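Student: Could you take me through one part of this model in close detail? I would like to see how its strands are paired and how a pair of its helices meet.

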Amino acid sequence: MKRAAWYLVAGTVAGFAGVVVLHGRGAPAAQPAAAGTGGGAGPAQAGQAGSSAGPSPASQPSQPARSSPAAAGGPAHGATGATEQFGYGKLAVKVTVSGSRVVNVTVPVLQTLDPTSQQISEQAIPMLKSEVMAADGAQINGVSGATFTSQAYVNSVQAALDKLHLK
Amino acid sequence: MPAPTDPGPDGPALVTHAETAMGTVFSLSVVPGRLTGQDLRSALGAACATLHHADAVFSTWDRQSPVSRLRRGEAVPGDLPSEVAQVMAECQAASQASGGWFDPWAMPGGFDPTGLVKGWAVERALAVLRGSGIAAAMVNGGGDLAAFGSPAPGRRWRVGIRHPWRAGSLAGIIEVGAAVATSGSYERGPHLIDPASGLASGRAASATVTGPSLAMADALATAVAVGGDEALAVVGGVGGYAAYLIRPDGSETGTGGITFMS
């Protein structure tokens, strides 16, 4: 399994393009309340968060959709969910496939609820003994997890997978 | 409306249909095989009809549903659709297999088969698809999956297990021959009730069970999510089933029998 760098790219949707980088336990706690560059602060706004961490993992551009397919398997196409509750905030997931292979998974939207939530997730995540696997690069037909509501489905990885075969 | 997609380089195209029922979304992924056009739509429609029927019979939210009448003592199983007695029997079997960690009769408000009935409904829908002549199918009921056949020649269905704290990441990937269910509180909050105390349990972040029957796997996943390591030990003794537990502190354990893909 590949160790997934935990990077999140926020803000493609509404036109503001801040980048939130959460990089393991070494990174300073990003302040989700930090205002975006455009003013007009609101609780839902995931503005640019401090990422003074030097070697941040390759921050994805805000429009990662057309990543090159891993193999010459036809054009990649992607589907993005909206914003989903993930327990300590909200995020959206984008899945890009080439053929039936998932070639990229990005998180174009992240909103954490408050600094405490962020602390919790940063504490909890490194304690996992096994390596976390990004869906990026995985060939999967479905996702097993705790039952989501029909509202949460809309923005889930499963929904993104489904969209690839829906007509 | 579902329709075939272009065959990809990796095999025959899957067709997916998403159906809202039972408060969640069911994803039906099929390899149509010889079924095309109206036949395919009919098969998917019939499978979805079983889901809505199960919803109507077993909804604990609808106060007029058969199971709600049963819960209030207004009806006995013999008065109700035959599925009620079937599900009660499966609940009984699962309760015994789980050592009582899954106990629909100990839930607040009376008999509540929620921890099993979604998996049961998925199996019913899958049986309809199988009977229709579809070559292969996987049905995902809000995170609990059952499948038959192969998604592509020489392949098995591959299922990611959602990471409990990272919605876009996986705790692992497994190949599924029949059924896999996962239970946890990270999607809908604390709803996993300890039958002994009547209170929400916090012994697991995520509990996954594989095995031949999704109804049983669903119930056993609920049991492990409620009972943590104690329930895991019980499930480890249930023939044909295997379990994988992520504890609230992020540490992991399992019964063996689940192989993660790399």
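Tutor: Happy to; here is a walk along one strand and its partners, followed by a helix crossing. Keep in mind that this is a predicted model.

Let's start with strand β4 of chain B, residues 144-148. Of its 5 residues, 4 are buried, so β4(B) is largely enclosed by the rest of the structure. One neighbour is strand β3 of chain B, residues 136-141, which pairs with β4(B) in the antiparallel sense over 5 bridges. Within that pairing, B:Asn140 has B:Leu145 of β4(B) as its bridge partner. The two strands form a hairpin with 2 residues between them, and there B:Gly142 adopts a positive phi near 65 degrees.

Now follow B:Leu145 to another strand: its bridge partner in β7(B) is B:Val180. Strand β7 of chain B covers residues 179-183 and runs antiparallel to β4(B), with 2 bridges joining them.

The helices come next. Helix α3 (residues 82-97) and helix α5 (residues 214-235), both of chain B, have axes that come within 10 Å and cross at roughly 45 degrees. That angle is why α3(B) counts as oblique to α5(B). The crossing is right-handed. On the α3(B) side, the contact is made by B:Glu90, B:Ala94 and B:Ala97, while α5(B) brings B:Ala215, B:Met216, B:Ala219 and B:Leu220. Sorted by class, this contact has 6 nonpolar residues, 1 charged and no polar ones.

Notes: Residues numbered from 1 in each chain as written. Chains lettered and ligands numbered in written order. Predicted model: local features only at pLDDT ≥ 70, side-chain atom pairs only at ≥ 80, totals over all residues. Axes fitted to C-alpha atoms, helices over the stretch in contact; angles between N-to-C directions. Parallel < 35°, antiparallel > 145°, perpendicular 65-115°, else oblique. Left-handed = near helix turned anticlockwise from the far one by under 90°. Contact = placed C-beta atoms within 7 Å. Nonpolar A, V, L, I, M, F, W, Y, C, P; charged D, E, K, R; others polar. Buried ≥ 20, exposed ≤ 12 C-beta atoms within 10 Å, placed from the backbone. Pairing = 2+ DSSP bridges.
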